[in-house]
Amino acid sequence: MSPSGSSTPPPSVVPPAVGGDPSPIDCETAVRRLWDFLDGELPGRPHAEVEAHLRACDRCPPHFHFSARVQRALRDGSAPPPPRAEEEAALRRRVRAALATLAAAGAPPDDGR
Amino acid sequence: MDRTPDSRPVDAPEVAHAPSADAPSADAPTAFERLMLPHLGDVARFARALARDPGAADDLVQETYLQALRGWHTFRPDADPRRWLFTICRNAFLRGARRELRYVAAPDDDPELEALAAAREHGAALRDGTARQLDHLDLAPAVARALAALPAHYRVAVVLVDVEGCDYAEAAAQLGTAVGTVRSRLFRGRRLLQQALYAHARDLGVVRDGGAGVARPDDAPAPGAARREGPPVEALPPPRGASPLRPQP
């Protein structure tokens with residue numbers, strides 16, 4: 001995961017990037033950057049340009065909001081339930097037994113490195 | 001504790017075995033296990049997101065650890081064990097999934113076309129009322145089902161970024177590909193997920209159509225009406241890890 005780096009405030013209140021206000025971009029340009037923007041992968045100026053466009057445009061924000069909502073559902077609630085403690089313990093035993101069988105069958109040495 | 005060549009783990013690990021304080025236990029973890037088994041929970045969670053059911057996921061976890069043991073001599077001492085295990089898990093998954101792959105090579109040269117298409121499709125969903133159906137749903141179960149139905153290559157990319165929280169560079173390292181390929185698979189996968197959500201919403205409810213049974217182009221909302229469909233811009237979640245002063249790559 002990329003660290004957030006410097007202690008800048010949330011993007012919506014950060015002053016425009018170096019060089020003055022971001023130049024206006026059109027809807028196609030903004031939407032092309034939709035997932036790069038939501039993923040935090042855009043460098044400073046392109047990110048600021050998208051933010052400015054979303055403040056000024058009526059048509060694009062719903063698309064961004066919907067994609068963000070789907071991403072939140074994936075991140076927060078859609079992952080299959082992790083193994084319960086007893087399931088994980090049983091899996092751990094099973095894996096250890098399989099590793100031991102493999103080691104006994106002549107796998108490369110697994111310690112002493 | 002070192003394993004001597006003669007020591008073997010006891011055959012019934014479920015039997016309670018109180019290790020003696022003085023003698024090395026035959027059940028003692030090896031150096032490999034001491035380094036790798038602490039990540040079993042994370043690997044199991046990752047496997048469950050990749051595989052279609054818990055049984056297949058557990059098999060994948062076992063295969064991952066066996067592959068890791070076979071390749072233990074290649075593991076660099078300074079490497080990250082969790083990332084190494086995830087890479088092995090992903091490889092094992094894709095090998096096993098080869099038969100079921102419905103992976104159509106997506107042109108890598110412009111993944112942003114997927115974003116444009118997704119926005120067009122969302123616009124259509126807004127116009128025909130499908131998006132309104134989704135407003136009232138808890139998306140998580142439908143998204144989980146749609147994720148499980150994605151072709152394997154797309155699913156892995158979406159799991160790495162949207163479930164595991166990798167950034168593009170980390171996902172590219174996990175997949176052993178370039179960032180461009182990550183974007184291509186990720187964007188296509190996300191677009192497919194959204195299409196599945198629209199299909200689910202249409203299956204669930206009656207699409208509002210003004211009573212005529214067919215969504216008509218002139219039912220499109222006036223330009224200003226689109227604003228009602230979503231919360232204000234300020235409510236967008238801060239992009240993960242974003243700093244507007246981030247240096248250019």
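This briefing describes the helices, the nonpolar core and selected residues of a two-chain structure. The model is predicted. Chain A contains five helices and zero strands, and chain B contains 10 helices and zero strands. Contacts recur between the two chains, and several of the residues discussed below take part in them, including Tyr65(B), Leu91(A) and Glu114(B).

**Confidence in chain A**

- Chain A has a mean pLDDT of 82, and 74% of its residues reach 70 or more.
- Over residues 1-16 of chain A, pLDDT stays under 50, although the model has 27 contacts beyond four places in sequence for this stretch.
- Where pLDDT is low, the predicted coordinates should not be read in detail.

**Overall makeup of the chains**

- From the N terminus on, chain A follows the order α-α-α-α-α.
- Chain B, read along its sequence, follows the order α-α-α-α-α-α-α-α-α-α.
- In chain A, 47% of the 113 residues are buried; in chain B, buried residues make up 47% of 249.
- Among contacts in chain A between residues at least 6 apart in sequence, 62% join residues at least 24 apart.
- For chain B, 71% of the contacts between residues at least 6 apart in sequence join residues at least 24 apart.
- The accessible surface of chain A is about 5500 Å², and carbon and sulfur atoms account for 56% of it.
- Chain B exposes about 12500 Å², with 54% supplied by carbon and sulfur atoms.

**The largest nonpolar core**

- The largest nonpolar core has 88 residues, among which Val61(B) and Tyr65(B) touch the most other members.
- Helix 8 of chain B (residues 152-163) gives this core its largest share, nine residues.
- In soluble globular proteins, nonpolar side chains tend to be buried together.
- Beyond four places in sequence, Tyr65(B) touches Val95(A) and Leu99(A) in chain A, and Phe32(B), Met36(B), Leu37(B), His39(B), Leu40(B), Val43(B) and Leu85(B) in chain B.

**Helix 4 of chain A**

- This helix covers residues 61-76, and its 16 residues should span 22 Å at 1.5 Å a residue; the end C-alpha atoms are 22 Å apart, so the expected and modelled spans agree.
- Helix 4 of chain A is mostly covered, with 12 of its 16 residues buried.
- Among the buried residues are Pro61(A), Pro62(A), His63(A), Phe64(A), His65(A) and Phe66(A).
- Others in the buried set include Ser67(A), Ala68(A), Val70(A), Gln71(A), Ala73(A) and Leu74(A).

**Helix 4 of chain B**

- Helix 4 of chain B covers residues 81-96; at 1.5 Å a residue its 16 residues should span 22 Å, and the 22 Å between its end C-alpha atoms agrees with this.
- Its buried residues include Trp84(B), Leu85(B), Phe86(B), Ile88(B), Phe93(B) and Leu94(B), together with Arg90(B).
- The buried residues of this helix pack against helix 1 (31-36), helix 2 (40-50), helix 3 (54-70), helix 8 and helix 9 (168-175) of chain B.
- At the start of the helix, a side-chain oxygen of Asp80(B) reaches to within 3.0 Å of the backbone nitrogen of Arg82(B).

**His39(B), a residue in a loop**

- His39(B) lies in the loop between helix 1 and helix 2 of chain B.
- The relative accessible area of His39(B) is 19%, which is under 20%, so this residue counts as buried.
- Beyond four places in sequence, His39(B) touches Tyr65(B), Pro81(B), Arg82(B) and Leu85(B).
- His39(B) and Leu85(B) are 46 residues apart along the chain, and their C-alpha atoms are separated by 8.2 Å.

**Leu91(A) and Glu114(B), residues with contacts across the chains**

- Leu91(A) belongs to helix 5 of chain A (residues 85-104).
- Leu91(A) is buried, with a relative accessible area of 2%.
- Outside its neighbours within four places in sequence, Leu91(A) is in contact with Leu40(B), Ala44(B), Asp58(B) and Val61(B).
- Glu114(B) is found in helix 5 of chain B (residues 112-128).
- Glu114(B) is also buried, with a relative accessible area of 9%.
- The side chain of Glu114(B) makes a polar contact of 3.1 Å with the side chain of Arg191(B).
- Contacts of Glu114(B) beyond four places in sequence are with Trp35(A), Phe187(B), Arg188(B) and Arg191(B).

Terms used:
Residues numbered from 1 in each chain as written. Chains lettered and ligands numbered in written order. Predicted model: local features only at pLDDT ≥ 70, side-chain atom pairs only at ≥ 80, totals over all residues. Heavy atoms only, no water. Helix = DSSP H or I, 4+ residues; strand = E, 2+ residues; numbered from the N terminus. Buried < 20%, exposed > 50% of the residue type's maximum accessible area, 1.4 Å probe, protein only. Contact = heavy atoms within 4.5 Å. Areas by Shrake-Rupley, 256 points an atom, 1.4 Å probe, with all protein chains shown as cover. Core = buried A, V, L, I, M, F, W, Y, C linked by side-chain atoms within 4.5 Å. Expected span 1.5 Å × (residues − 1). Polar contact = N/O pair within 3.5 Å; in protein donor to acceptor, adjacent residues only side chain to side chain. pLDDT = per-residue confidence, 0-100.
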